[in-house]
There are 2 protein chains.
Amino acid sequence: MKATIYDIAKKAGVSTATVSRALGEERERVKPKTREKILKVCKDLNYQPNRIAKNLAKKSTGAIGLVLPEIQGDFYTEIIRGVDEIAYSGNYNLIVSSSHSRRNIVESILGFMRESMVDGVILMIPSMNRQIEEILSKFLTPIVIISDIEGLGEYDKVSIDNYQGAYSMTEYLIKSLKHKKIAAICGPRDNQDATMRKKGYVAALKKYKIPIRKEWIIESDFTIEGGEIASSRLLSLSEKPDVIFAANDNMAAGCYKTAEALGYKAPEDIGIVGFDHIAFGAFLKPKLTTVHVQVPEIGRVATNLLLDRLKDSGSNKKASPKNIKISTGIIIGDSVLKAK
Amino acid sequence: MKATIYDIAKKAGVSTATVSRALGEERERVKPKTREKILKVCKDLNYQPNRIAKNLAKKSTGAIGLVLPEIQGDFYTEIIRGVDEIAYSGNYNLIVSSSHSRRNIVESILGFMRESMVDGVILMIPSMNRQIEEILSKFLTPIVIISDIEGLGEYDKVSIDNYQGAYSMTEYLIKSLKHKKIAAICGPRDNQDATMRKKGYVAALKKYKIPIRKEWIIESDFTIEGGEIASSRLLSLSEKPDVIFAANDNMAAGCYKTAEALGYKAPEDIGIVGFDHIAFGAFLKPKLTTVHVQVPEIGRVATNLLLDRLKDSGSNKKASPKNIKISTGIIIGDSVLKAK
DNA sequence: CTGTTAGCGCCTTCAT
DNA sequence: ATGAAGGCGCTAACAG
């Protein structure tokens, strides 16, 4: 049987209160000799404090939750890294959970936070719906959302500046590289990041008065395979684009595959650019030109917002929600040439 | 203030026990009408059950913990995927934690499990030491170890069959491809996976009576950069190997980089093979020949072992520890040719 | 079917 | 510096 604080108290000849103090943050308020005795007994009995009981008594868990749509690939692990870094230095434990495969994200949220195993939650969601909104509205713990969804004014929010990133890349292709025939492989329609990236692309074309061609804008799914399929469609058009702007690096990798399979050589025959700047892009040949996203920074910023909330949750004047955009940059590789 | 089961009981005019039943697994044992009334009150008061209290009362959390050395790269996320899959279908929540960067793994274990926030733990560790062993020996919850460390007979254990994988690959290079000049870039000395891979390599050379050359066995660190450095050393030797067997795909990728930088062409000038078969290897050019490891399967198997333990923890006859090895295979790419 | 009553293990005033 | 005692919110016998 596990030893409890009560066993310790009895064996050490003190009260449970003293044991609690000796082990907790009030170490100083107990005589060194007593404390030593208590610690010795703890060792003898292999005492392991029960955090559940502690949490119940203190009404806080010292942990924050991170809910991700999935835990796969560099993108998400880098978010985790950013969150973990700040959580750790703020003395919070991190609990990561994913709404993986079969499990839909709503369910995950429910199981995870409605039951308050954590003091606060960082939620990353690609899209919103009534159901989720309703659950969120009932939330009792602070919550920070990572998403590019508009509205949501009542929550702290951090997002990638998808619009600006896509706009800048498109502008770079047009202005610096003199391209006009630029196709886009977009992410899923219901994914807000994807939507904003597409908007940025379209806006840049408009700005430079380049006509938008429907057949050069393909919706896909952010996977490598999706990129393969979409690009093979683009490359089989009678009028082909000169450059393909994939809305993420995975799909750009799919374009490489297709190009190779179809006998096109990048960048000479077809230019390819991506978005995200995930690690493995550097191993693509030719090196991928892409939009740089400070992924771990997203996690850091979100966590800082959450910790601020947690700190403030005592005082009753709630700070108004913050909305932070993480800026992007352009990484110039060798996957697209200047137009002839 | 959060509503408690007590508030519900009062407002619904029933006892807390009835509320607990109506909401829990004994739904059936309460009259439908009563239950409905209770559910309505719950809605009205936006009642969120407190899982902490529940855990304390039930003495179980319904969650298992997964402790990884880090959460970065495909290898670890695929482990997570395997674990999550089984945990989910077994109705357990998964809590992932990493002993990331500054935090050493021991500390992580301490914070994570000694305090029994979980019913059981899956621990992945690259190496063992006294300190860790001592902590583990004091463990009160079931624990499954993912590691190729020998000994450890008292724990359920799952490991990659590193030895066999490395042996088979080396044998393939020798027997099928007629190579004799095979160098190895190993992982860290204190990493057990690395050690077993090296042993497999050495054993195969011995079996085929190929002399072992110290200068062709280099210790590195499983990173891309490590692979770069190690391979540049190999390629600057007066007598160069024909093939480099990198102990993981990351380091193999580093070899590609170096080879390119130094003007060697794979596979014509130098053969390169790896270990792990992580996703991005398929994007290397030429396609990487490597040892296939069923990574998600590691997670699945480990989780099944843990769930079995948890199921049995009621009965007092403990099943004897199981030790499962996950077999490997060889993926033939284009990164090494038959010897001339 | 439902209520009563103890805990679960720890923390935290309030006294001493 | 320490002890006594009452929660924290929920579950689980045991009665009715």
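What follows is a short chat about a predicted model with two protein chains, A and B, and DNA strands C and D.

Me: How do chain A and chain B relate to each other in this model, in terms of rotation and shift?

Reply: Chain A can be superposed on chain B by a rotation of 180° with 0.1 Å of shift along its axis, and the RMSD of that superposition is 0.2 Å. That is the relation of a two-fold axis. The same surface serves both copies, since 97% of the contact residues of chain A recur in chain B.

Me: And how many residues does each chain put into that contact?

Reply: The contact takes 37 residues from chain A, and 37 residues from chain B. On the side of chain A that touches chain B, at least two residues each come from H4, helix H5 (74–89), strand E2 (93–98) and helix H6 (105–114).

Me: What's the mix of residue classes on that side of chain A?

Reply: Sorted by class, the side of chain A that touches chain B has 15 nonpolar residues, 13 polar ones and nine charged ones.

Me: Switching to the DNA, which residues are closest to strand C?

Reply: There are 27 residues around DNA strand C, and the closest are A:Ile5, A:Ala17, A:Ala53, A:Ala57 and B:Ala17. The elements that contribute two or more residues to this surface are helix H2 (16–23) and helix H4 (51–58) of chain A, together with helix H2 (16–23) and helix H4 (51–58) of chain B.

Me: Which element gives the most there?

Reply: H4(A) does, with five residues on the surface near DNA strand C. By class, that surface is made up of 11 nonpolar, nine polar and seven charged residues.

Me: OK, and what about strand D, who comes nearest there?

Reply: DNA strand D has 26 residues around it, of which A:Ala17, B:Ile5, B:Ala17, B:Ser20 and B:Ala57 come nearest. Two or more residues of the surface near DNA strand D are given by H2 and H4 of chain A, and likewise by H2 and H4 of chain B. The largest share of this surface, five residues, comes from H4(B).

Me: How many charged residues are near strand D?

Reply: The surface near DNA strand D has six charged residues, alongside 11 nonpolar and nine polar ones.

Me: Last topic: what domains does chain A have?

Reply: The domain assignment of chain A gives domain 1 (5–49), domain 2 (63–160 + 296–327) and domain 3 (162–294). Taken over C-alpha atoms, the centres of domain 1 of chain A and domain 3 of chain A are separated by 63 Å.

Definitions and conventions:
Residues numbered from 1 in each chain as written. Chains lettered and ligands numbered in written order. Predicted model: local features only at pLDDT ≥ 70, side-chain atom pairs only at ≥ 80, totals over all residues. Near = placed C-beta within 6 Å. Helix = DSSP H or I, 4+ residues; strand = E, 2+ residues; numbered from the N terminus. Nonpolar A, V, L, I, M, F, W, Y, C, P; charged D, E, K, R; others polar. Least-squares fit on C-alpha atoms with pLDDT ≥ 70 in both. Contact = placed C-beta atoms within 7 Å. Domains from an automatic or database assignment.
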